[in-house]
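Colleague: I would like to go through this model with you, beginning with the chain as a whole and then moving to single strands and residues.

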Amino acid sequence: GAGMSADGGGNIFLLDGNGVFDTTLNSSGFPASGDYGNSFLHLTTTGGLAVADYFEMYNQSTENSFDTDLGSGGTVLVSQKDSTGKLWQLAVGAGKDSNIYVVDRTNMGKFNSKSNAVYQEIPSALRNGIWSMPAAMNTSIYFGPKDFPIQLFQFSNAKLKTSAVAQTANSFAYPGATPSVSAN
């Protein structure tokens, strides 16, 4: 779907494809065997490459079985202020399951077998799923789903609005589109 994203501190963020996710967690909430299939990953480069944090869907086994993994899409890093003025460091991504996931880069949510412990999830927001990278500018995120117009989602109070506020007139066949933003 797309390449990885990195911040100024040398941290790498990516969406991982299908594969085993080890639901046996260590005392820090990380998979005991180090298996992170179908996860939203934060890798650190300090002292060597290692998983620093992650988010895994509660229904990861079902998504893996039906090939609706995150790895078909990419992630974009954004910073947004809420109504109190707090600056949130966020990562936004989506995959084949058509959901948009917004994670707090400082606390991604890890794995909870009962529900998604994620900053924000917008279910079924991207009809037909994503096989590309989103683009971001200011308070806007652009996704190019398969066989559908490019969708514009906007942040308000450090959360994405739950439906697109605009879209292109034309659709883009498989694999969809990878939008880009150019600005001075």
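Colleague: What share of the contacts in the chain with a separation of 6 or more comes from residues 24 or more positions apart?

Modeller: Please keep in mind that this is a predicted model, and that contact here means heavy atoms within 4.5 Å. Among the contacts with a separation of 6 or more, the share that comes from residues 24 or more positions apart is 54%.

Colleague: What radius of gyration does the chain have, and what would a compact globule with 184 residues have?

Modeller: For 184 residues, a compact globule would have a radius of gyration near 16 Å, and the value for the chain agrees with that. Along its principal axes, the C-alpha trace spans about 50 × 40 × 30 Å. The radius of gyration of the chain itself is 16 Å.

Colleague: How much of the accessible surface of the chain belongs to carbon and sulfur atoms?

Modeller: Of the 184 residues in the chain, 47% are buried, which refers to a relative accessible area under 20%. The accessible surface comes to about 8,600 Å², and the part of this surface that belongs to carbon and sulfur atoms is 47%.

Colleague: How far apart do the centres of the positive and negative side chains lie?

Modeller: The chain carries 10 positive and 14 negative side chains, and each set has its own centre. The distance between these two centres is 9 Å.

Colleague: How many helices and strands does the chain have, and which strands stand at the edges of the open sheet?

Modeller: The secondary structure comes to 1 helix and 14 strands. An open sheet of 5 strands follows the order 1-2-3-4-8, with mixed pairing. Each edge strand has a single partner strand, so one side of each is left without a neighbour in the sheet, and these edge strands are strand 1 (5–6) and strand 8 (110–111).

Colleague: Which residue in strand 8 is the bridge partner of glutamate 56?

Modeller: Strand 4, covering residues 50–56, pairs with strand 8 in the parallel sense over 2 bridges. The bridge partner of glutamate 56 in strand 8 is phenylalanine 111.

Colleague: Are the residues of strand 7 buried or exposed?

Modeller: Strand 7 takes in residues 100–104 and is mostly covered. Ile100, Val102 and Asp104 point one way from the strand, while Tyr101 and Val103 point the other way. On both sides the outcome is alike, with 5 of its 5 residues buried.

Colleague: Which residue in the turn between strand 6 and strand 7 has a positive phi?

Modeller: Strand 6 (residues 87–94) and strand 7 run antiparallel and are joined by 5 bridges. They form a hairpin with 5 residues between the two strands, and the residue in the turn with a positive phi, of about 75°, is serine 98.

Colleague: Which residue in strand 9 is the bridge partner of isoleucine 100?

Modeller: Strand 7 also pairs with strand 9 (residues 120–122), in the antiparallel sense and over 3 bridges. In strand 9, the bridge partner of isoleucine 100 is isoleucine 122.

Colleague: How far apart in space are aspartate 104 and leucine 90, C-alpha to C-alpha?

Modeller: Aspartate 104 lies in strand 7, and it counts as buried because its relative accessibility is 9%. Leaving out residues up to four places away in sequence, aspartate 104 touches Trp88, Gln89, Leu90 and Tyr119, and aspartate 104 is also the bridge partner of leucine 90. Although 14 residues separate aspartate 104 and leucine 90 in sequence, their C-alpha to C-alpha distance is 4.7 Å.

Colleague: What is the relative accessible area of aspartate 35?

Modeller: Aspartate 35 sits in the loop between strand 2 (12–15) and strand 3 (39–44). Not counting residues up to four places away in sequence, aspartate 35 touches Val20, Phe21 and Asp22, and its C-alpha is 5.0 Å from that of phenylalanine 21. Aspartate 35 is partly exposed, with a relative accessible area of 30%.

Colleague: Where is asparagine 138, and is this residue buried or exposed?

Modeller: Asparagine 138 is found in the loop between strand 10 and strand 11 (140–143), and it has a positive phi of about 55° although it is not a glycine. Because its relative accessibility is 64%, asparagine 138 counts as exposed.

Colleague: Which residues does the cis peptide bond join?

Modeller: Proline 175 has its place in the segment after strand 14 (166–172). The cis peptide bond has an omega of about 10°, and the residues that it joins are tyrosine 174 and proline 175.

How values were computed: Residues numbered from 1 in each chain as written. Predicted model: local features only at pLDDT ≥ 70, side-chain atom pairs only at ≥ 80, totals over all residues. Heavy atoms only, no water. Buried < 20%, exposed > 50% of the residue type's maximum accessible area, 1.4 Å probe, protein only. Helix = DSSP H or I, 4+ residues; strand = E, 2+ residues; numbered from the N terminus. Pairing = 2+ DSSP bridges. Rg over C-alpha atoms; globule rule 2.2 N^0.38 Å. Areas by Shrake-Rupley, 256 points an atom, 1.4 Å probe, with all protein chains shown as cover. Lys, Arg positive; Asp, Glu negative; His and termini not counted. Charge placed at Lys NZ, Arg CZ, Asp CG, Glu CD.
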